[in-house]
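This report concerns salt bridges and the solvent exposure of the residues that form them. The sequence and structure are shown first.

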Amino acid sequence: MSSANSWLDSLQGFPVVVEFLVAWGEMDAYRHVNNVVYFRYFENARLEYFRRIDWFGFEAATGIGPILASTEARFRRPLTYPDRVAVGARIASCGTDRLFMEYAVCSQKLGDIAATGKATIVTFHYPSGQKVSVPEELRHRIEALEASVGRSLPQASVPA
């Protein structure tokens, strides 16, 4: 291996990477990390992404926040205790009123991606209870964060 962090190389295109230790209690009767735990990993990475673009401050000022519309996971290799995982999060594309997020869970023990995931996040005006277009200010914040790892933000090719 070329460096102490070479297990993280597969996450280079992700502007947000958070690390966790696999806990003994996250394993199930089949002696691997239970599938629901991956969704917690995704959630923590998603919220860190939102923190980095200060969406919570934006929501406090405008009432426009995120709402998770859908999420999915593809389990590629089982995680087991003990291990350290790094979870990457990025916006794959931006639609009119939603963002399409991608995740990757990388295992230090395996030296490989253990799972990938996707989410659709709708921009929602909580005071009115209505979805709204993604505000330009949020688009700019997302574009800046994605540019920090050399990515540009494509527009979604599917209608919202």
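The sections below describe selected salt bridges in this predicted model.

## Overall count

Across the whole structure, a search identifies 10 salt bridges. Among them are a pairing between two strands and a network that joins Glu48, Arg51 and Arg52.

## A bridge between strands β1 and β3

Glutamate 19 pairs with arginine 84 in a salt bridge whose closest N and O atoms are 3.4 Å apart. This contact connects distant parts of the chain: glutamate 19 belongs to strand β1 (residues 16-21) and arginine 84 to strand β3 (residues 84-94), with the two positions 65 residues apart in numbering.

Both partners retain some solvent accessibility. Glutamate 19 has a relative accessible area of 40% and is therefore classed as partly exposed. Arginine 84, at 29%, is likewise partly exposed.

## A network within helix α1

Glutamate 48 takes part in a salt bridge with arginine 51, in which the closest N and O atoms lie 2.6 Å apart. The two residues are both located in helix α1 (residues 35-52), at a spacing of three residues, or about one turn of the helix.

Glutamate 48 also forms a salt bridge with arginine 52, with 2.8 Å between the closest N and O atoms. Here the spacing along helix α1 is four residues, again about one turn. Through shared partners, these salt bridges unite Glu48, Arg51 and Arg52 in one network.

## Exposure within the network

Glutamate 48 has a relative accessible area of 16%; this value falls under the 20% cut-off, so the residue counts as buried. Arginine 52, by contrast, is partly exposed, with a relative accessible area of 39%.

Key
Residues are numbered from 1 along each chain as its sequence is written. This is a predicted model: local features need pLDDT of at least 70, side-chain atom pairs count only at pLDDT 80 or more; totals for chains, interfaces and linings use all residues. Side-chain values use heavy atoms; hydrogens and water are left out. A salt bridge is a side-chain nitrogen of Lys or Arg within 4 Å of a carboxyl oxygen of Asp or Glu. Buried means under 20% relative accessible area, exposed over 50%, partly exposed in between (1.4 Å probe, protein chains only).
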